[in-house]
Amino acid sequence: MRSNSRPIGIDLFSGAGGLSLGFEQAGFDVVASVEYDPVHAATHEFNFPHTQVICGSVATLDAEALRAAAREGLGRHGRDAHTWDGRPDVMFGGPPCQGFSFIGKRLIDDPRNQLVFHFLRIVTELRPRYFVMENVPGMARGGHASILEQLIREFGGAGYRVVQPHRILNASDFGVPQDRKRLFLIGACETETLPSYPVPSVRPVPKRAIGQTAISEGPYPQGPTVWNAIGDLPDLDDFARLSDSDTVRLTKARVASMEAKASPYARRLRGIEIDPADLSYGRVWDRSLLTGSTRTAHTDVSTKRFRATARGTTEPISRFYKLDPRGLCNTLRAGSGSEHGAFTSPRPIHPYLPRVLSNREAARLHSFPDWFRVHTTKWHGFRQIGNAVAPLVGRAVAAQIVTALNIAPSKPIDTIELGNVDLLDLTMSQAAEYFGADKNAIPAQRTRSAVTIKDQRDHARVPTPV
C-alpha cells in the first residue's frame, strides 16, 4: 500500500463544492472543477483557492482545457505538474437533476438530462481510474430509468465497469442530521479494482422523535440530531447588524459560551475537536466570525403561525416544516435558478424560534464546517447548500475509491487561506465578468457593473464585536 500519497480528483458540475469537500476530506487533492453558474463558481473558488475553477458548461468543455486546468491546480497544491501523466485518479460530479427530480415535470426529453452523457464523454476522454456520479433517486425511476440503463451500457462500451446495482444513499446514515436520499453510480476502469458502496456509519434518529421510543441498539453509534447541529448557534435577533449583513463578529465571551454548548458534531464542524477521518487541508479562518446568518424578516402573522406550529409538523399555510430538535432535518432543497423562474424552496422553521433557518444553520445540517462560506445573499446561499452533496456523504463514497486505489493518504500539514471575500458578494453578471464567461450562456443576467477583485487576499469586512 502506498502511503502519504494524495490521489488526484476533478469535480464536474461542482456547485459551491460539497462533493469537492467530501473528496478532499477522504484524502484527494481536488485540482480542477467545472461549474456553469458563475455565482456558484465564485463561491467554489473562495473555499478552494488551490483548485483551478472553470466557469463554463460541461456540454462544450474541451478535455485538453480541463487537463491544462488540472495541471494548474496541481501546481497550486505544491505538486510537480510536469511529471503527471495527465490521468486523474477520479472524476466525480452531479449533473443538474431538475430533469429527473420529482419536484417538477420530470420530462424525459428535458435537455438537462443530456448532461449525464457529457459527463460520460469527458470521463472517456480523460480516462480517470474511477468515476462517481451523483443524482436524485428519480433518475432510476419510471421512464428515466432507461436513461440510466443507457448510460451504464455506454460506460461499459468505453471500458468502464459500473458497480451494480446503483445505490440510493441517505445522508442520515453517514452522520448528517438530515433525511436526504441521493443516487450514486460508481465505476472503475477495467484495469482497476472495483470499489464497493459505503455502508452506514451511524444509526440515524427518526425524523420526528417526538412520541418515539428510544432508538434500538445496533452495531453503529447514534447519529446527530437537529439540535446537536445548531443548538450552540446564537439567537440572530440579538444582532441588529444581521438585518442587512450575513456576518457579525462575536465577542470572546459569546464564542466561549457557544463552544461550551457545542455537541461533538458541532465541535468538529468548528474545528475545535479533531475528526480523525478528516484528511482535508486546514483552512485559516476567524472563529469569532458568525457568517451566513442574515436574518429573515417575517410578518407578525407568519411569526404567530410559526410559533403555534408543533415541532415535527408542517405549518398549514406556508407548508414549511418545523424541525423537531431531537429528530432529523427534512431534505434541504435548492429551488430553481434564475434561468428557470427563481423558485424558492421552502426553508424549515427553527425548532424553538419563530423564523426559518439561516444559511449557517442549514450548512450545519448539511455537514459543512463553519469555515465554509456561501454567497452572502439568502437566496443564492441557500440554493448553494440545497444543491450540494452533503460533505460527509461525499467523504464516505470517496473513501471507497481510496481503498480501491490501495492508497493511505495523510492529512496535509500545510493550511490554506480562503479566497477573496468579495467573491461571495458578486451578482451573476459580475461573476461572469470575473471568470470571462460567455454572458449569453449564463443563467439570468444582472445589470450591475462588475467589481474589481484584487489578486491579493482581502480580510473579511467585519464590524466591532457585539
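Lys-207 lies over the face of Tyr-321, at 4.6 Å from the ring centre. Arg-383 sits over a ring too: the face of Trp-379, with 4.8 Å to the ring centre. The rule asks for NZ of Lys or CZ of Arg within 6 Å of the ring centre and within 35 degrees of the ring normal.

This is a predicted model, in which local features need pLDDT of at least 70 and side-chain atom pairs count only at pLDDT 80 or more, while totals for chains, interfaces and linings use all residues. Residues are numbered from 1 along each chain as its sequence is written, and side-chain values use heavy atoms, with hydrogens and water left out.

Now the overall build. The protein has 13 helices and 14 strands. These are DSSP runs numbered from the N terminus: helices are H or I with at least four residues, strands are E with at least two. Of the 466 residues, 57% are buried. Buried means under 20% relative accessible area, exposed means over 50%, and partly exposed is in between (1.4 Å probe, protein chains only). The accessible surface comes to about 19200 Å². Carbon and sulfur atoms hold 51% of that surface. The areas come from the Shrake-Rupley method with a 1.4 Å probe; for residues, only the protein chains shown count as cover. Among contacts with a separation of 6 or more, 72% are between residues 24 or more positions apart. A contact means heavy atoms within 4.5 Å.

Next, the interior. The largest nonpolar core has 117 residues. Such a core is a set of buried Ala, Val, Leu, Ile, Met, Phe, Trp, Tyr and Cys residues joined through side-chain atoms within 4.5 Å. Helix 12 gives this core its largest share, nine residues. Leu-12 and Leu-66 have the most contacts inside the core. Setting aside residues up to four places away in sequence, Leu-66 touches Leu-12 itself. Its other partners are Ile-10, Ala-32, Val-34, Ile-54, Leu-61, Met-91, Ile-122 and Leu-126.

Helix 2 spans residues 38-47, and 10 of its 10 residues are buried, so the helix is largely enclosed by the rest of the structure. Its buried residues include Pro-38, His-40, His-44, Glu-45 and Phe-46. Asp-37 caps the N-terminal end of helix 2. A side-chain oxygen of Asp-37 lies 2.9 Å from the backbone nitrogen of Val-39.

Turn to the aromatic rings. A pair of rings is described by the distance of the centres and the angle of the planes. Rings of Phe, Tyr and Trp (its six-membered ring) pair if their centres lie within 6.5 Å; planes under 30 degrees apart count as stacked, over 60 as edge-to-face and the rest as tilted. By this rule the count comes to 12 aromatic pairs. Trp-227 and Tyr-352 form an edge-to-face pair, 4.8 Å centre to centre with 75° between the planes. Trp-227 is in helix 6 (residues 226-230) and Tyr-352 in the loop between helix 9 (300-308) and helix 10 (359-365), so the pair ties together parts 125 residues apart in sequence. Trp-227 is partly exposed at 31% relative accessible area, and Tyr-352 is partly exposed at 44%.

The rings of Phe-306 and Phe-320 have centres 5.9 Å apart and planes at 35°, so this pair is tilted. Phe-306 lies in helix 9 and Phe-320 in the loop between helix 9 and helix 10, so the parts tied together are 14 residues apart in sequence. Phe-306 is buried, with a relative accessible area of 2%. Elsewhere, ring pairs link Phe-48, Phe-368, Trp-371 and Phe-372 into a cluster.

Phe-320 also leads to Arg-347. Where does Arg-347 lie? Its place is in the loop between helix 9 and helix 10. Arg-347 is buried, with a relative accessible area of 11%. Leaving aside neighbours within four places in sequence, its contacts include Phe-320, Trp-379 and Phe-382. A polar atom of the Arg-347 side chain lies 3.1 Å from the backbone oxygen of Leu-357. The backbone oxygen of Lys-378 lies 2.7 Å from a polar atom of that side chain.

Last, the backbone. A cis peptide bond joins Gln-164 and Pro-165, with omega about -10°. Pro-165 is in the loop between strand 7 (160-162) and strand 8 (167-170). Ser-367 is not a glycine, yet has a positive phi of about 80°. Ser-367 is found in the loop between helix 10 and helix 11 (378-387) and is buried, at 2% relative accessible area. Asn-406, also not a glycine, has a positive phi of about 60°. Asn-406 lies between helix 12 (391-405) and strand 13 (407-408). Asn-406 is partly exposed, at 39%.

Technical notes:
A polar contact is a pair of N or O atoms within 3.5 Å; within protein, one must be able to donate a hydrogen and the other to accept it, and residues adjacent in sequence count only if both atoms are side-chain atoms.
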